[in-house]
Amino acid sequence: MLTPKNNAAFTRSTVLDKVAASFIKDRFAGINDVIAEINPCSSCTKHMQFINDINKFRCMAALGFCPEDETDSSKSLHDYAMEALKREKPGKSKISVINIACAACKRQQYVVTDQCRCCLAQPCRLNCPKEAIDIVDERAKIDTDKCVNCGRCHDVCPYGAILKAIVPCEDACPVGAITKDEHGKEHIDPDKCISCGKCLNSCPFDAIVERSEMIDVMNKIHNSGQKVVAMVAPAIVGQYGGSVNNLVGALKKIGFDEVFEVAVGADITTRKEAAEFVERMKEGQKLMTTSCCSAYYYAAKKHIPEIEPFVSGTKSPMYYTAELVKKQYPDCIAVFLGPCLAKRVEAEDDPNVDYVLTFEEVNAMFNAQDIKVEECEPQEFTLVSSAQGRRFPLTGGVAGAVASLLEGKIEVRAENIDGLTRDSIKLMKRYAAKGCECNMLEVMCCEGGCISGMGCVALPKKAARAVEAYVAQGQKLKDQD
């Protein structure tokens, strides 16, 4: 995936910032002007219009629409904004490609560069299983009609002279959900997609967007008259400036009435998964996968049927937190704030979760009201979590929490899948079919855990340090409080 510091990510955050600011400023009266403000980079009128057309689609996504929703190009962004303000429920979560922004990258291929020295060894030619490489004019040449993209030539070249040219979005997708159409443009198959967002974070052209629920939430906060409750995933620690308590104050300043820590729900998940693990092991099962990663859950359901019988049936921390929120405030609007897109899909099947925002969208809401988190009055969470629940967003945190309640009761042999990839999917299929040394397997779609989710704003290493510091402040969860 792209490094976090890149212009595509900057453009995406700028779009969110300006759309949120337009709502706060004048309820979208001047939103048509936002399109040209996002990326005024060209003096060429024709090219500028092309850029503006793309930015319109990006703004539409920030308003909660997909590029496919445009059936009339004359419909203004203001019209879409007014429609968004009247919307009672958000549409189904969907990741889409802005067709005109897609560069139709060439298919993955291996290319011989000028670094080739036409060496005597010629390992590229001798190790090619399809005899697709010849030496022409003192340089290796790949016959693309014979090449099967196995990469053997790339691996054995002593000079590193053979380059693997990839399609970034396709290469990032762990389940093969994104492919080219007949025109070379990318298309996302919703039946295969697990909403991990890796393609979105990999496209150098910011051509992939996701339907946002930011405006729906802002509209509810300012116009509904209902209590709006924020449910904050523990990965939020370290995403903004200031302390956790400053963050609670900042969230209340942008309009949330109460702020619940989802790590409280993680404590419930920990207890229930520990009990489930004991029951499964006593029944003679060889493995239980323990993860609160929605993307992994959908990957297992759609792509790894072999592992699905081993997936924990315990609900996620979001589920249990929302249950607590609705029990305390039955008529409230419950909004989950998290690091990824897959939670939006999970929320569609959870009657207690009304909306889902990413940390990036929350950041846009802060910026729209010129709120500096570190300057906000410190306030407390409605409920306080344990140390184990706070560590859920880091790789090993879920399995570690469950194992901590089982110490001395049953043998736990834990292993972590740190990042969902094609190779890790193959590994899980093998584990399911042939067994493995572990009996507890934690799977995180994002390498490093939820602190690397596509909706995060802080660098993963910085966020991980902040989470560990917050964990150290918490009390240990016991089997029974």
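What follows is a short conversation about a predicted model.

Colleague: Happy to look at this with you; what ground rules apply to the model?
Modeller: Residues are numbered from 1 along each chain as its sequence is written, and side-chain values use heavy atoms, leaving out hydrogens and water. As this is a predicted model, local features need pLDDT of at least 70 and side-chain atom pairs count only at pLDDT 80 or more, while totals for chains, interfaces and linings use all residues.

Colleague: How many disulfides are there?
Modeller: A disulfide is a pair of cysteine sulfur atoms within 2.5 Å. Cys203 is in none, since the nearest cysteine sulfur, that of Cys169, is 6.2 Å away. For Cys438 the closest cysteine sulfur, in Cys436, is 3.4 Å off, too far for a bond. By this rule the count is zero.

Colleague: Is Cys438 buried or exposed?
Modeller: Buried means under 20% relative accessible area, exposed over 50%, and partly exposed in between, using a 1.4 Å probe and protein chains only. The relative accessible area of Cys438 is 4%, so Cys438 is buried.

Colleague: At roughly what angle do the axes of helices H10 and H12 cross?
Modeller: Helices (H or I, at least four residues) and strands (E, at least two) are DSSP runs, numbered from the N terminus. Axes are lines fitted to C-alpha atoms, for helices over the stretch in contact, and angles run from 0 to 180 degrees between N-to-C directions. The axes of H10 (residues 263–282) and H12 (residues 317–328) come within 7 Å, and they cross at roughly 115°.

Colleague: Which residues of H12 meet H10?
Modeller: Contact means heavy atoms within 4.5 Å. From H10 come Val264, Gly265, Ala266, Ile268, Thr269 and Lys272, and these meet, in H12, Pro317, Tyr320, Thr321 and Leu324.

Colleague: Which strands stand at the edges of the open sheet of three strands?
Modeller: Two strands pair if DSSP finds at least two bridges between them. The order is E11-E15-E14, with parallel pairing. One side of each edge strand is left without a neighbour in the sheet, because each has a single partner strand: these are E11 (288–289) and E14 (414–418).

Colleague: Which residue in E15 is the bridge partner of Asn416?
Modeller: E14 and E15 (residues 440–444) run parallel and are joined by five bridges. Helix H17 (residues 422–434) lies across both strands, at about 150° to E14. In E15, the partner of Asn416 is Glu442.

Colleague: And in E13, which residue is the bridge partner of Phe336?
Modeller: E12 (residues 333–338) and E13 pair in the parallel sense over four bridges. From E13 (residues 355–358), Tyr355 and Leu357 point one way and Val356 and Thr358 the other, and all are buried. The bridge partner of Phe336 is Val356.
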